[in-house]
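Visitor: Could you take me inside this protein for a close look at its buried interior? I'd like to know what sits in there and how the pieces meet.

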Amino acid sequence: MADDYLVRIGKLIRDARQHRGWTQTQLAEALGTSQSAVNRIERGNQNISLEMIARIGEALDSEIVSLGYAGPMHLRVVGGRHLSGSIDVKTSKNACVALLCASLLNSGRTVLRRVARIEEVYRLLEVLNSIGVRTRWINDGVDLEIVPPAELDLAAIDAEAARRTRSIIMFLGPLLHRTDRFMLPYAGGCDLGTRTVEPHMIALRRFGLDIAATEGQYHAVVDRAVAPDRPIVLTERGDTVTENALLAAARHDGTTVIRNASSNYMVQDLCFFLEALGVKVDGIGTTTLTVHGVPKIDVDVDYSPSEDPVEAMSLVAAAVVTESELTVRRVPIEFLEIELAVLEEMGLDHDRTPEYFADNGRTRLVDLTVRPSKLEAPIDKIHPMPFPGLNIDNVPFFAAIAAVAQGQTLIHDWVYDNRAIYLTDLNRLGGRLQLLDPHRVLVDGPTRWRAAEMMCPPALRPAVVVLLAMMAAEGTSVLRNVYVINRGYEDLAERLNSIGAQIEIFRDI
């Protein structure tokens, strides 16, 4: 390997480590090596094997080098351009991953329409394929067909793929109906701080599932004599917690009441899908769900997940930050009403079409046109709340929006331990964001954006926020190692280019 390649790899590793917030000693401990060895690697002074690169990438949850093509993907952004025209919102990433997990409930053939072709989906497909589930893209790669085997081969699970997605935890609900004992790798995903699995366990223990976590694995044992004898009260109104409880209740032979349930968009899509499987769910859209489970599900089902409100919000934010007039089509308005109300308070000029239904026949959509506006900072702080409040995943976009508004905006991201820290990456692009504590950021606007070269933050939504700011900054910016964006967005650069952005994809190894 040429010396310049070693130096390039070392720089990527150093940047990924620093974005993770680790010292060289912490990375060395994770790799079982010395701090001096890590130092030599980062300076390009030590030969390094592909196996070691893969181990470093796994430890840092960063795609340092990808097998099968030249290396990690970067974006070169020529900013200062106005967007125009219209763009459609893709189907919901979070709904699609929930439905992939839910397909394990069904012994028949499942077809999901217009599935988001993103890294998070690919990781789950790798896991499903490894345990014997047959999947294939059909209809010119637009739709996904899923056919499970008679028996799952859980011993052959692709542990590496499983650890790269937090969604793997939603296998627990379906699998407890298929086998009495199984193991799953620890869940991974974005670096957003410690997120306990205990709320999942509190719900799933009521179905007889007991979990011991050792040596990087969840060891699960199911007691068939245990069943819910009273309503399940979730200790956290989380989306995946609610989904896991729903997946467990779907094949429980009886009625299960779930209280303090999330009523967010992906939960509603999962409920609609369960109804297509023959499972009756009362209370969809409320915090109390009553599930009339069926012990066996063997149907051929065809379902269309709805559009993604978080992607819709990111496209609205792109228009606001670049001071553009843009029409965002197929916006799931029910899940963006609070965000739009806040933007109206800030002075956003926009209008919307009459409502129409998504392909699932249940979710309400509109087409939304955003125009250049003189924004003022909101009087109240920006903070998330469970649906129907401001969506947790939409909070980061308000950092970029607040940066172009007149005045000070307080953003309180109380859910995640680290995500607010990543928002201060906007300072590299000319932003004036002050980190008050790990959950609160004070944003001063308006901002005169400037181009920069930087490493992609390891959390999905802050990474996209940085990209949007680069689109607004005059000059050429570089965003390195954008795997995390590909986890949640399909062809984002190409789609933004279709409405006037100038973003080039490149690789340097």
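Guide: Of the 509 residues in this protein, 58% count as buried, and keep in mind that we're looking at a predicted model. The chain is folded into 18 helices and 23 strands. Its radius of gyration is 23 Å, close to the 23 Å that the globule rule gives for 509 residues, so the protein is as compact as a globular protein of that length. If you put a box around the C-alpha atoms along the principal axes, you'd need roughly 65 × 60 × 45 Å. On the outside, the accessible surface comes to about 19,600 Å², and 47% of that belongs to carbon and sulfur atoms.

Now let's go inside. In soluble globular proteins, nonpolar side chains tend to be buried together. Here, the largest nonpolar core has 150 residues, and the members that touch the most others are Phe-171, Leu-467, Leu-479 and Ile-485. The biggest contribution to this core comes from helix 16, residues 460–472, which gives 11 residues. There's also a second, separate core of 16 residues, with Ile-13, Ala-16, Ala-59 and Met-455 among them.

Stay with Leu-467 for a moment. Leaving aside residues up to four places away in sequence, Leu-467 touches Leu-75, Val-77, Leu-479, Ile-485, Leu-492, Leu-496 and Ile-503. Contacts that reach across the sequence are a wider theme here: among contacts between residues at least 6 apart in sequence, 73% join residues at least 24 apart.

Met-73 shows that nicely. You'll find Met-73 in the loop between helix 4 (50–60) and strand 1 (74–79). Its relative accessibility is 16%, and because the limit for buried is under 20%, Met-73 counts as buried. Now look for Ile-505: that residue is 432 residues away along the chain, yet the two C-alpha atoms are separated by 6.8 Å. Ile-505 is one of the residues that Met-73 touches, and the others beyond four places in sequence are Arg-480, Asn-481, Val-482, Asn-486, Phe-506 and Arg-507.

Asn-481, from that list of neighbours, deserves its own stop. Asn-481 is in the loop between strand 22 (475–480) and helix 17 (483–488). Its phi is near 60°, a positive value in a residue other than glycine. At 5% relative accessibility, Asn-481 counts as buried. Compare Arg-114, in the loop between strand 3 (110–112) and helix 6 (119–130). Arg-114 isn't a glycine either, and has a positive phi of about 55°, but at 27% relative accessibility it counts as partly exposed.

Next up is helix 14, which is mostly covered: nine of its nine residues are buried. They run Val-395, Pro-396, Phe-397, Phe-398, Ala-399, Ala-400, Ile-401, Ala-402 and Ala-403. The loop between strand 17 (364–371) and helix 14 holds Pro-388, and a cis peptide bond joins Phe-387 to Pro-388, with omega at about 15°. Another cis peptide bond joins Gly-445 and Pro-446, where omega is about 0°. Pro-446 is in the loop between strand 20 (440–445) and strand 21 (453–455).

Two of the helix 14 residues, Ala-399 and Ala-400, lead us to Leu-426, which touches them both. Leu-426 is in the loop between helix 15 (419–423) and strand 19 (432–437), and it's buried, with a relative accessible area of 0%. Beyond four places in sequence, its contacts also include Gly-431, Leu-433, Trp-449, Val-465, Val-466 and Ala-469. For a sense of distance, Gly-85 is 341 residues from Leu-426 along the chain, and their C-alpha atoms are separated by 27 Å.

Let's finish at Gly-173, in helix 8 (residues 172–175). Gly-173 is buried too, with a relative accessible area of 0%. Not counting residues up to four places away in sequence, Gly-173 touches Leu-204, Asn-244, Leu-247 and Ala-248. Its C-alpha atom is separated by 31 Å from that of Val-482, 309 residues away along the chain.

Definitions and conventions: Residues are numbered from 1 along each chain as its sequence is written. This is a predicted model: local features need pLDDT of at least 70, side-chain atom pairs count only at pLDDT 80 or more; totals for chains, interfaces and linings use all residues. Side-chain values use heavy atoms; hydrogens and water are left out. A nonpolar core is a set of buried Ala, Val, Leu, Ile, Met, Phe, Trp, Tyr and Cys residues joined through side-chain atoms within 4.5 Å. Buried means under 20% relative accessible area, exposed over 50%, partly exposed in between (1.4 Å probe, protein chains only). Helices (H or I, at least four residues) and strands (E, at least two) are DSSP runs, numbered from the N terminus. Contact means heavy atoms within 4.5 Å. The radius of gyration is taken over C-alpha atoms; the globule rule is 2.2 Å times the number of residues to the power 0.38. Accessible areas come from the Shrake-Rupley method with a 1.4 Å probe; for residues, only the protein chains shown count as cover.
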